[in-house]
Amino acid sequence: MNLKQLSLPELEAVLSPLGASPTVVRKVFAAVFAHGARSVDEVASAPQVPRRVGDYLKAHAELPSLQVVERRKADDGFVKYLFDSPLGGRVEAVRIPIFDEKYVICVSSQVGCALACDFCMTGKLGFKRNLQTWEILDQVLQVRAEADRPVRGVVFMGMGEPLLNYKETLRAADVLRNPSGFSIAGDAITFSTAGHVPAIRRYTREGHPYRLAFSVTSAIPEKRAQVLPIEKTHPLPELIEAIREYSTVRRERAMIAYVAISGFNLGREDAEALKAAFEGIPIKVDLIDVTDPTGKYLPPTPEELSAFRDHLQILKSPVARRYSGGKEIGAACGTLAATQYGGTVVPGPAREPSLSGT
Ligand code: SF4
């Protein structure tokens, strides 16, 4: 029984036949996730856990971990963690500093990715497998354990398309949000999707409290298809209808991620296409500079970006530039590929108990 894989109701189903009260079940759950116990013995000896329950856990439970292969810190404070999973494959997570106050963690949901977005290094790896719930949660557990500031948000924008690992990512998000789990606000948990329409529709229908961010990148279908092959399976009109539904049901602006590529999608016609596509749908646009280590796609010049922002005023929607940090360590959006280069290798807590002051 893997304690990191169980939701609170599942844990309750296991422990209540032993006479564990709902409070005891919550204590066990909190020992694993809120307090980040390192061993089953630590969970079994948590305060208020009766001996009978503790003995059962020692006999039947396990607490597996990903192995941290390396931590690399960039000049802008982003730290990339490279993990090896005992189930096979390597994934990465990124610790993102927010105003010297808190961290947001960007996690992976799959080993590799099937969607093959042309500017993305993860896409070039191809799809290997879905991560299990515990492998997603362990990325957060391990990064949080070394963090010198609180973790207030988790974004599923690392390796993989989270909506193609629907069940496990939702299970992980439920533990992240649980007050006895990680206690992260639902609206501080975001799934980024390249536009898998059936999964978006299902997500909207089911009414989850987390946010979706939609990678659009061009509202001109031919251009979008050049960089996002998913356009051929789930074309823009379908995606836009799914976004409309999401925004209407939730009564919120849909977050549109727009990867800004020099000389490609930053003209007046691109802004006009966005306006036409999203007419009547409340949106906010996040502009993200492309980071493509192959050099095929270049980030916009300041002049290009500024001109595009001017063009985007016709949307009458909020437009923000999202900083995609950690470029020199391969931590920026689209560059996660289980690589080891750049930045400063940060020693683990075995040699240094905390990352404070590094
Ligand atoms: S951008 Fe996201 S969906 Fe596209 S290939 Fe990369 S990981 Fe997959």
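**Figure 1. Ala31, a buried residue of a predicted model.** At 5% relative accessibility, Ala31 counts as buried, because the cut-off for that class is under 20%. The residue belongs to helix α2, which covers residues 22–32. Leaving out residues up to four places away in sequence, Ala31 touches Gly36, Ala37, Val43 and Ala46. A long-range pair is also given for this site: Ala31 and Gly330 stand 299 residues apart along the chain. Their C-alpha atoms are separated by 33 Å. Like every panel here, this close-up shows a predicted model.

**Figure 2. The second largest pocket and its lining.** The pocket holds about 180 Å³ of space. Its lining counts 14 residues. Lys4, Gly36, Ala37, Arg38 and Leu141 lie nearest the centre. Two of these names, Gly36 and Ala37, also appear among the contacts of Ala31. Helix α6, residues 133–145, gives the most to the lining, with five residues. By class, the lining divides into six nonpolar, four polar and four charged residues.

**Figure 3. The shell around the ligand.** Cys113, Leu115, Ala116, Cys117, Cys120, Thr122, Gly123, Gly160 and Ala194 surround the ligand. Six residues of this shell are nonpolar and three are polar. No charged residue takes part. The lining of the second largest pocket, by contrast, includes four charged residues.

**Figure 4. Thr169 in helix α7.** Helix α7 runs through residues 166–177 and contains Thr169. The relative accessible area of Thr169 is 0%, so the residue is buried. A polar atom of the Thr169 side chain lies 3.1 Å from the backbone oxygen of Tyr166. That distance falls within the 3.5 Å limit for a polar contact. Neighbours within four places in sequence aside, Thr169 is in contact with Ser109, Ile136, Phe156, Pro162 and Phe191.

**Figure 5. Asn178, in the loop between α7 and β8.** Strand β8 spans 189–193. Asn178 has 16% relative accessibility and therefore counts as buried. Its contacts are Leu8, Phe29 and Ser183, with residues up to four places away in sequence not counted.

**Figure 6. Phe99 and Asp100, in the loop between β3 and β4.** Strand β3 covers 90–98, and strand β4 covers 102–106. Phe99 is not a glycine, yet its phi is positive, at about 45 degrees. Asp100 is not a glycine either, and its phi is positive at about 55 degrees. Phe99 has a relative accessible area of 69%, so the residue is exposed. Asp100 is exposed too, with a relative accessible area of 65%. Both values pass the cut-off of over 50% for that class.

**Figure 7. Pro235, in the loop between α10 and α11.** Helix α10 covers 230–233, and helix α11 covers 236–250. Pro235 has 29% relative accessibility and counts as partly exposed, because this class lies between the buried limit of 20% and the exposed limit of 50%. Pro235 and Ala225 are 10 residues apart along the chain. A distance of 8.6 Å separates their C-alpha atoms.

Key. Residues numbered from 1 in each chain as written. Predicted model: local features only at pLDDT ≥ 70, side-chain atom pairs only at ≥ 80, totals over all residues. Heavy atoms only, no water. 1 Å grid on protein atoms, 1.4 Å probe; cavity = no way out; pocket = protein on both sides within 12 Å on 5 of 7 lines; lining within 4 Å. Points joined across faces, edges and corners; volume = space filled by probe spheres on them. Helix = DSSP H or I, 4+ residues; strand = E, 2+ residues; numbered from the N terminus. Nonpolar A, V, L, I, M, F, W, Y, C, P; charged D, E, K, R; others polar. Near = heavy atom within 4 Å. Buried < 20%, exposed > 50% of the residue type's maximum accessible area, 1.4 Å probe, protein only. Polar contact = N/O pair within 3.5 Å; in protein donor to acceptor, adjacent residues only side chain to side chain. Contact = heavy atoms within 4.5 Å.
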